[in-house]
Amino acid sequence: MSIEDRAKATAKNLEGKAQEAMGEVTGDPKDKVAGQAKQDQAKVEHSVEDVKDQVKKAVD
């Protein structure tokens with residue numbers, strides 16, 4: 001488990017939420033979609049960290 005990687009994923013998720021909200025406010029669909037994509041990428045990164053944790057527990 002890398003706390004740094006989890007923190008980066010969380011930051012990316014928050015950035016994506018803000019960008020999506022800005023797209024909603026301004027009516028810019030590109031910002032909205034880009035924000036959603038960042039959130040999806042953050043979910044994947046969190047899942048990767050979860051798998052790493054599970055593998056580490058299995059090895060220990």
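## L14 and its surroundings

Let's start with L14, which is exposed because its relative accessible area is 54%, over the 50% cut-off for that label. You'll find L14 in helix 1. Keep in mind that you're looking at a predicted model.

Now look across from L14 to Q39. These two residues are 25 apart in sequence, yet their C-alpha atoms sit 7.6 Å apart in space. Unlike L14, which is exposed, Q39 is one of the buried residues of helix 2.

## Helix 1

Helix 1 covers residues 3-26, which makes 24 residues. Does its length agree or disagree with what you'd expect at 1.5 Å a residue? It agrees: the expected span is 34 Å, and the C-alpha atoms at the two ends are 34 Å apart.

Which residues of helix 1 are buried? They are R6, A9, G16, Q19, E20 and G23. Their packing partner is helix 2, residues 29-59. Here's a handy bit of background: an α-helix has 3.6 residues a turn, so residues three or four places apart point the same way.

K17 is also in helix 1. Its relative accessibility is 44%, so K17 counts as partly exposed. Along the chain, K17 and A37 are 20 residues apart, while their C-alpha atoms are separated by 9.8 Å.

## Between the helices

Once helix 1 ends, have a look at G27. Just after the helix, G27 takes a positive phi of about 80 degrees.

## Helix 2

Helix 2 has 31 residues. Try the length check on this helix too: at 1.5 Å a residue it should span 45 Å, and its end C-alpha atoms are indeed 45 Å apart.

The buried residues here are G35, Q39, A42, E49 and D53, and what they pack against is helix 1. So the packing can be read from either side: the buried residues of helix 1 pack against helix 2, and those of helix 2 pack against helix 1.

Two glutamines of helix 2 are worth a stop. Q36 is in this helix and counts as partly exposed because its relative accessibility is 33%. From Q36 to M22 it's 14 residues in sequence and 12 Å in space, C-alpha to C-alpha. Q41 lies in helix 2 as well, and with a relative accessible area of 39% it is partly exposed. Between Q41 and Q54, 13 residues apart along the chain, the C-alpha separation is 20 Å.

## How the two helices pair up

Two packed helices are described by the angle between their axes and the distance between the axes. For helix 1 and helix 2, the axes come within 7 Å and cross at roughly 160 degrees. How do the two helices run, roughly parallel or roughly antiparallel? Angles over 145 degrees count as roughly antiparallel, and helix 1 and helix 2 therefore fall into that group. Their crossing is left-handed.

What sort of residues make up the contact of helix 1 with helix 2? There are four nonpolar, 10 polar and 15 charged residues in it.

Note on methods
Residues are numbered from 1 along each chain as its sequence is written. This is a predicted model: local features need pLDDT of at least 70, side-chain atom pairs count only at pLDDT 80 or more; totals for chains, interfaces and linings use all residues. Side-chain values use heavy atoms; hydrogens and water are left out. Helices (H or I, at least four residues) and strands (E, at least two) are DSSP runs, numbered from the N terminus. The expected span of a helix is 1.5 Å times one less than its number of residues. Buried means under 20% relative accessible area, exposed over 50%, partly exposed in between (1.4 Å probe, protein chains only). Contact means heavy atoms within 4.5 Å. Axes are lines fitted to C-alpha atoms, for helices over the stretch in contact, and angles run from 0 to 180 degrees between N-to-C directions. Angles under 35 degrees count as roughly parallel, over 145 as roughly antiparallel, 65 to 115 as roughly perpendicular and the rest as oblique. A crossing is left-handed if the near helix is turned anticlockwise from the far one by less than a right angle, and right-handed if clockwise. Ala, Val, Leu, Ile, Met, Phe, Trp, Tyr, Cys and Pro count as nonpolar, Asp, Glu, Lys and Arg as charged, and the others, Gly among them, as polar.
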